[in-house]
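Reader: I should be grateful for a close look at a single part of this model. Please describe one helix, together with what surrounds it.

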Amino acid sequence: MTVAEVRPAAGPLSGATRVPPDKSISHRAAILAALADGTSRIRGYSPAGDCAATLSVLRALGVDVRRGGDDVTIEGQGDREFSPPPDALDCERSGTTMRLMAGALAGRPLRVVLTGDPQLRRRPMDRVADPLARMGARIETDDGRAPVELDGGQLHGIDYASPVSSAQVKSALLLAGLRASGTTSLTEPHPSRDHTERMLAAMGAPIESGPGRASVRAGALSAVDVTIPGDLSSAAPLLAAAALLPGSDLTVTGVGVNPTRAGFLRVLQRMGADVQVLSTNADVSAGDGAGGEPVADVRVRPTPLRSTAIDASEAPSMIDEVPLIGVLATRAEGRTQVRGVADLRMKESDRIAALVTGLRALGARIEEAPDGFVVEGPTRLAGGPCDA
């Protein structure tokens with residue numbers, strides 16, 4: 001067990017900084033590059049372990065993947081099939097790798113097993129396996145969880161109404177739809193992040209999309225030269241700290257501000273923080289080198305915070321940043337209610353329970369709900385032990 005001691009900041013956070021490249025976009029860039037025709041160059045590939053797992057899985061399938069520092073070059077398979085892997089494909093702890101690769105492999109004449117660390121094998125995979133089976137894939141799970149045994153082959157498009165708003169489910173079906181007959185369409189209760197749709201469009205796929213819906217037909221992908229923007233999830237803790245520390249003036253440069261991903265910024269503004277999105281390329285085209293992703297500098301300065309309410313309609317655009325809202329709420333005037341985030345219980349850990357337990361140990365007035373939590377503020381937190 002690693003123990004870290006955190007002391008109060010000696011002063012404000014000021015200046016400008018960058019954060020690591022976006023994990024979600026890195027996964028998608030690598031997988032789509034492997035499916036494309038030609039050589040793709042990905043600049044600023046994420047150093048995260050989950051993204052490294054995606055590259056390892058692609059190599060195990062015979063894809064030529066070369067990595068030099070933060071840059072990755074991938075020779076796409078195009079019309080060629082993947083090589084049969086000698087062993088099960090180890091996705092380590094990456095749910096994105098497992099779910100998206102299930103979709104990418106479902107329409108290919110290949111028998112594979114997707115597995116991973118114990119944490120990953122506890123996470124639900126039936127939300128991907130069920131619609132892929134409806135498309136014609138032969139797929140089995142262990143009571144809805146990994147390992148996932150997949151015997152790919154001929155697929156047909158379906159019109160799928162997803163019961164959950166999940167970019168991973170949507171992406172898996174879109175990737176499968178690239179090898180299916182007819183049109184593969186998906187609708188979801190609330191719009192989820194659209195990184196896959198943007199990159200598919202940048203690579204020439206026959207795709208149509210809008211809020212809460214997407215459809216694709218079989219088609220070839222062209223190789224790309226793409227630069228991955230900074231990860232908003234990595235920027236969020238720094239921005240939250242700047243919003244809390246008096247006198248701060250912090251700018252995070254070159255960060256992705258995709259509207260389907262930037263819910264945290266909107267909530268931070270709603271709570272009263274001074275948030276400015278600067279130097280944005282929000283009017284980007286699909287071939288701009290960023291995969292159609294808007295990139296900007298984000299500046300935050302503190303002002304008194306007020307409570308807010310978050311429901312299921314906002315959750316997909318900020319699901320990874322929800323615990324930070326709990327921290328901010330301890331300093332906000334009034335009652336902050338967060339609901340519709342039950343998916344946080346099915347991550348690597350139960351993040352709702354962990355957040356409530358940790359903040360309560362530090363003196364917060366916080367109550368757990370089945371799909372979220374409620375915080376009464378403001379409360380000044382005290383030091384103490386916290387099990388993350």
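Author: The model is a predicted one, and the part chosen here is helix α5, residues 126-134. A convenient place to begin is the end of this helix: just after α5, Gly-136 takes a positive phi of about 115°.

Within α5 itself, the buried residues are Arg-127, Val-128, Ala-129, Pro-131 and Leu-132. A charged side chain, that of Arg-127, thus belongs to the buried set. The elements that cover these buried residues include two helices, α3 (95-106) and α6 (167-177), and two strands, β7 (138-142) and β10 (159-161).

Of these neighbours, α6 may be described in detail. The axes of α5 and α6 lie 9 Å apart, and the two helices pack at an angle of about 30°. Because this angle falls under 35 degrees, α5 counts as roughly parallel to α6. Their crossing is right-handed. On the side of α5, the residues that take part are Arg-127, Val-128, Pro-131 and Leu-132, and they meet Val-169, Ala-172, Leu-173 and Ala-176 of α6. By class, this contact comprises seven nonpolar residues, one charged residue and no polar ones.

Leu-132 also leads from the helix to the wider interior. It is among the residues with the most contacts inside the largest nonpolar core, a set of 67 residues; the others so listed are Ile-42, Leu-61, Ile-74, Leu-105 and Leu-221. Helix α1 (residues 23-35) gives this core its largest share, eight residues. Apart from this core lies another, of 46 residues, with Leu-232, Leu-239, Ala-262 and Leu-268 among them.

Leu-221 shows what such a position in the largest core involves. Leaving aside residues up to four places away in sequence, Leu-221 touches Leu-32, Leu-35, Ala-36, Asp-37, Leu-178, Leu-200, Met-203 and Ala-205.

Helix α3, named above as part of the cover of α5, packs in turn against α1. The axes of α1 and α3 come within 11 Å and cross at roughly 25°; the two helices are therefore roughly parallel to each other. Here too the crossing is right-handed. From α1, His-27, Arg-28, Ile-31 and Leu-35 meet Thr-96, Thr-97, Leu-100, Met-101 and Ala-104 of α3. The residues of this contact divide into five nonpolar, three polar and one charged. Leu-35 is thus found in the contact with α3 and is also touched by Leu-221.

How values were computed:
Residues are numbered from 1 along each chain as its sequence is written. This is a predicted model: local features need pLDDT of at least 70, side-chain atom pairs count only at pLDDT 80 or more; totals for chains, interfaces and linings use all residues. Side-chain values use heavy atoms; hydrogens and water are left out. Buried means under 20% relative accessible area, exposed over 50%, partly exposed in between (1.4 Å probe, protein chains only). Helices (H or I, at least four residues) and strands (E, at least two) are DSSP runs, numbered from the N terminus. Contact means heavy atoms within 4.5 Å. A nonpolar core is a set of buried Ala, Val, Leu, Ile, Met, Phe, Trp, Tyr and Cys residues joined through side-chain atoms within 4.5 Å. Axes are lines fitted to C-alpha atoms, for helices over the stretch in contact, and angles run from 0 to 180 degrees between N-to-C directions. Angles under 35 degrees count as roughly parallel, over 145 as roughly antiparallel, 65 to 115 as roughly perpendicular and the rest as oblique. A crossing is left-handed if the near helix is turned anticlockwise from the far one by less than a right angle, and right-handed if clockwise.
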